[in-house]
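Student: Could you take me through this model step by step, with the reasoning behind each answer?

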Amino acid sequence: MPYYAKSEDWLKQSSLLIEARPATTKVTTTYTVKPARKEKEDDNSSKPAAATTPTTKKSYGHLVLKTYDPISGACLKYRTSKAAEVSRLIQMLGTLGKKMAGVPESAAPAAGAGQDIKDEVMTDAPPVGVVGNIEAERASGASTPAPGTANVPAQGGGGGGGKGKKKKGKR
């Protein structure tokens with residue numbers, strides 16, 4: 001099976017194949033790193049002996065993504081060696097995995113569909129060391145300030161802090 005030229009094409013076709021047969025379709029990833037090769041320059045050249053030492057080439061790798069369904073015989077392949085694209089495709093495998101597992105795309109709208117969700121008022125935790133009935137204190141209007149916050153003026157805005165300008169030394 002030939003490789004797809006664009007990752008978007010492979011991703012779209014793979015998601016369609018997984019939606020059609022989620023139980024039998026498999027997604028396989030293979031990352032291969034080729035070791036660096038040593039090459040010698042031509043011995044017949046008139047360069048000095050120091051220039052004929054072996055030079056190393058940069059090693060590189062490539063990622064091959066394959067989606068295969070044994071029932072239909074469909075095989076979708078994509079190959080890339082771009083680092084940014086490799087990381088993006090690895091993240092997109094999570095989306096394909098959700099489709100294979102049968103998890104809905106967005107679970108938030110499904111949970112609240114047709115229901116009115118009411119907001120609840122969250123109460124603060126009591127300060128450390130305060131013992132007693134917090135609800136009774138709130139009803140009476142008395143409140144205990146948090147330790148260390150009484151009569152503390154607000155700090156001024158930014159600007160002025162930091163190290164300053166680097167000084168020149170003697171010449």
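**Burial, sheet and core**

Tutor: Of the 171 residues in the chain, buried residues make up 14%, where buried means under 20% relative accessible area, exposed over 50% and partly exposed in between, with a 1.4 Å probe and protein chains only. This is a predicted model, in which local features need pLDDT of at least 70 and side-chain atom pairs count only at pLDDT 80 or more, while totals for chains, interfaces and linings use all residues. Residues are numbered from 1 along each chain as its sequence is written, and side-chain values use heavy atoms, with hydrogens and water left out.

Student: In which element of the chain is the confidence lowest?

Tutor: The predictor's confidence in each residue is given as pLDDT, from 0 to 100, and its mean over the chain is 75, with 60% of the residues reaching 70 or more. Over residues 108-112 the pLDDT is below 50, and beyond near neighbours in sequence this stretch has 1 contact in the model, a contact being heavy atoms within 4.5 Å. Where pLDDT is low, the predicted coordinates should not be read in detail. Confidence is highest in E6, at 94, and lowest, at a mean of 49, in helix H3 (residues 107-111).

Student: In what order do the 4 strands of the open sheet lie?

Tutor: The chain has 4 helices and 6 strands, these being DSSP runs numbered from the N terminus, with at least four residues for helices (H or I) and at least two for strands (E). Two strands pair if DSSP finds at least two bridges between them; E1 is joined to strand E6 (residues 74-80) by 2 bridges and runs parallel to E6, whereas E5 and E6 pair in the antiparallel sense over 7 bridges. The pairing in the open sheet is therefore mixed, and its 4 strands have the order E1-E6-E5-E2.

Student: Which helix runs at about 150° to E6?

Tutor: Angles run from 0 to 180 degrees between N-to-C directions, and axes are lines fitted to C-alpha atoms, for helices over the stretch in contact. Helix H2 (residues 83-101) packs on the sheet, touching E2, E5 and E6, and its direction makes about 155° with that of E6. The helix at about 150° to E6, which lies across E1, E2, strand E5 (60-69) and E6, is H1 (residues 7-20).

Student: Which elements give two or more residues to the largest nonpolar core?

Tutor: A nonpolar core is a set of buried Ala, Val, Leu, Ile, Met, Phe, Trp, Tyr and Cys residues joined through side-chain atoms within 4.5 Å. The largest one has 12 residues in all, among them Trp10, Leu63, Tyr78 and Leu96. Leu96 touches Trp10, Leu11, Ser14, Ser15 and Ile18, not counting residues up to four places away in sequence. The elements that give two or more residues to this core are H1, E5, E6 and H2.

**Three threonines**

Student: Is Thr67 buried or exposed?

Tutor: Thr67 lies in strand E5, and its contacts beyond four places in sequence include Trp10, Leu17, Val27 and Leu76. Its side chain and that of Ser14 are joined by a polar contact of 2.8 Å, a pair of N or O atoms within 3.5 Å of which, within protein, one must be able to donate a hydrogen and the other to accept it, residues adjacent in sequence counting only if both atoms are side-chain atoms. With a relative accessible area of 0%, Thr67 is buried.

Student: Which residue's side chain is joined to that of Thr80 by a polar contact of 2.7 Å?

Tutor: Thr80 is found in strand E6 and is the bridge partner of Leu63. Thr80 is buried, with a relative accessible area of 5%, and a polar atom of its side chain lies 3.3 Å from the backbone nitrogen of Lys82. The side chain joined to that of Thr80 at 2.7 Å belongs to Glu85.

Student: To which residue's backbone oxygen does the side chain of Thr25 reach?

Tutor: Thr25 is found in the loop between H1 and E2, and is buried because its relative accessible area is 2%. Beyond four places in sequence, Thr25 touches residues including Leu17, Thr67 and Met100. At 2.6 Å, its side chain reaches the backbone oxygen of Arg21.
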